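User: Please take one part of this model and examine it closely, following its surroundings outward from a single residue. I would like one connected account, with the reasoning behind each classification made explicit.

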Amino acid sequence: MGKKHKDGKDAKKGKKKKSHEDVSGAGLAAAVVNAARSMRTVLSRNLLATGLYAGQDGVILALSEAGGLTAGALAARLGVKAPTMTRTIGRLEAQGFVERRPDETDGRLTMVHLTEAGRSSVDRISEAGRLSERQAAEGLSEKDVRHLLKLLRTMDENLHVSAPEAAENGAKPVADDI
């Protein structure tokens with residue numbers, strides 16, 4: 001930390017450092033939510049050529065990395081609830097991108113696997129993601145993008161850390177109260 005003058009300004013930069021309280025949390029939340037929503041909209045538009053909708057791309061990419069997974073494992077990996085994943089799998093199955101098969105080692109489990117159409121869509125999904133990222137980063141330097149990624153990862157970690165503490169104290173997540 002830099003040395004401070006009596007007036008609270010940083011000796012090196014001549015600027016007063018702001019505390020977290022000086023930054024509007026509501027403005028930060030709105031900016032992050034709006035950017036995420038815009039990113040998802042652009043990705044959805046870029047995915048149209050693949051025949052997929054937003055959310056379905058994550059399932060296909062997860063299956064391409066891991067091979068067969070249960071619906072529960074997919075839901076956990078993608079951070080959605082099981083019923084949402086079951087509906088998504090049903091839609092992908094109807095579109096011919098995935099198939100459900102009994103697990104080879106435990107017949108009680110049903111595994112979701114990519115079909116040939118699902119496997120052939122992976123490159124197009126990846127390209128739609130890259131195109132969306134290029135569009136989002138337009139006008140930003142490489143250094144800006146690296147810094148933004150670092151900040152967003154820190155925010156995400158901060159928010160994940162606070163969730164278990166609330167659960168340990170018996171508090172319900174805020175979303176359950178809304």
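Analyst: A residue is called buried when its relative accessible area is under 20%, exposed when that area is over 50%, and partly exposed in between. The model is a predicted one, and leucine 52 serves as the starting point. Its relative accessibility is 1%, and leucine 52 therefore counts as buried.

Leucine 52 does not belong to a helix: its place is the loop between helix H1 (25–47) and helix H2 (56–66). Which residues does leucine 52 contact, leaving aside its neighbours within four places in sequence? They are Leu47, Ile60, Leu92, Phe97 and Ile125. The C-alpha atoms of leucine 52 and glutamine 95 are 8.8 Å apart, although 43 residues separate the two along the chain.

One of these contacts, Ile60, leads into H2, where Gln56, Asp57, Val59, Ile60, Ala62 and Leu63 are buried. Apart from residues up to four places away in sequence, isoleucine 60 touches Leu52, Leu92, Phe97, Leu114, Gly118, Ser121, Val122 and Ile125. Leu92, Phe97 and Ile125 are thus among the contacts of isoleucine 60 and also among those of leucine 52.

Isoleucine 60 also has a place in a wider assembly. In soluble globular proteins, nonpolar side chains tend to be buried together. The largest nonpolar core here has 20 residues, and the members that touch the most others are Ile60, Leu63, Leu74, Leu92 and Val98. At least two residues of this core come from each of H1, H2, H3, H4, strand E2 (110–114) and H5. H2 gives the most, with four residues. Beyond the end of H2 comes glycine 67, whose phi is positive, near 80 degrees.

H2 has polar and charged connections as well. Side chains of opposite charge can pair when their charged atoms come close. Aspartate 57 and arginine 40 form such a pair, a salt bridge with an N to O distance of 3.2 Å. Because arginine 40 lies in H1 and aspartate 57 in H2, the pair ties together parts that are 17 residues apart in sequence. The two partners fall into separate accessibility classes. Aspartate 57 has a relative accessibility of 8% and so counts as buried, whereas arginine 40, at 34%, counts as partly exposed.

Threonine 88 supplies a further link to H2. This residue belongs to helix H4 (residues 82–94) and touches Gln56 and Val59, residues up to four places away in sequence not being counted. Its relative accessible area is 13%, so threonine 88 is buried.

Helix H3 (residues 71–78) begins with alanine 71. A relative accessible area of 25% means that alanine 71 is partly exposed. Its contacts, not counting residues up to four places away in sequence, are Met85, Ile89, Thr110 and Val112. Alanine 71 and alanine 82 are 11 residues apart in sequence, with 6.9 Å between their C-alpha atoms.

The bridge between arginine 40 and aspartate 57 has counterparts elsewhere, since the count of salt bridges comes to nine. Glutamate 93 pairs with arginine 100, with 3.0 Å between the closest N and O atoms. Both partners are partly exposed, glutamate 93 at 31% relative accessibility and arginine 100 at 35%. In another bridge, aspartate 106 and arginine 108 bring their closest N and O atoms to 2.9 Å; arginine 108 is exposed, at 75%. Glu127, Arg130 and Arg134 are joined in a network of salt bridges.

H1, which carries arginine 40, also contributes to the largest pocket. That pocket encloses about 920 Å³ of space. Its lining comprises 20 residues, and those nearest its centre are Met39, Glu133, Ala136, Leu149 and Leu152. H1, helix H5 (116–136) and helix H6 (142–168) are the elements that give two or more residues to this lining. The greatest contribution is that of H1, with seven residues. By residue type, the lining divides into 13 nonpolar, three polar and four charged residues.

Returning to the starting point, leucine 52 is a buried residue of the loop between H1 and H2. Its contact with Ile60 leads to one of the residues that touch the most other members of the largest nonpolar core.

Definitions and conventions: Residues numbered from 1 in each chain as written. Predicted model: local features only at pLDDT ≥ 70, side-chain atom pairs only at ≥ 80, totals over all residues. Heavy atoms only, no water. Buried < 20%, exposed > 50% of the residue type's maximum accessible area, 1.4 Å probe, protein only. Contact = heavy atoms within 4.5 Å. Salt bridge = Lys/Arg side-chain N within 4 Å of Asp/Glu carboxyl O. 1 Å grid on protein atoms, 1.4 Å probe; cavity = no way out; pocket = protein on both sides within 12 Å on 5 of 7 lines; lining within 4 Å. Points joined across faces, edges and corners; volume = space filled by probe spheres on them. Nonpolar A, V, L, I, M, F, W, Y, C, P; charged D, E, K, R; others polar. Core = buried A, V, L, I, M, F, W, Y, C linked by side-chain atoms within 4.5 Å.
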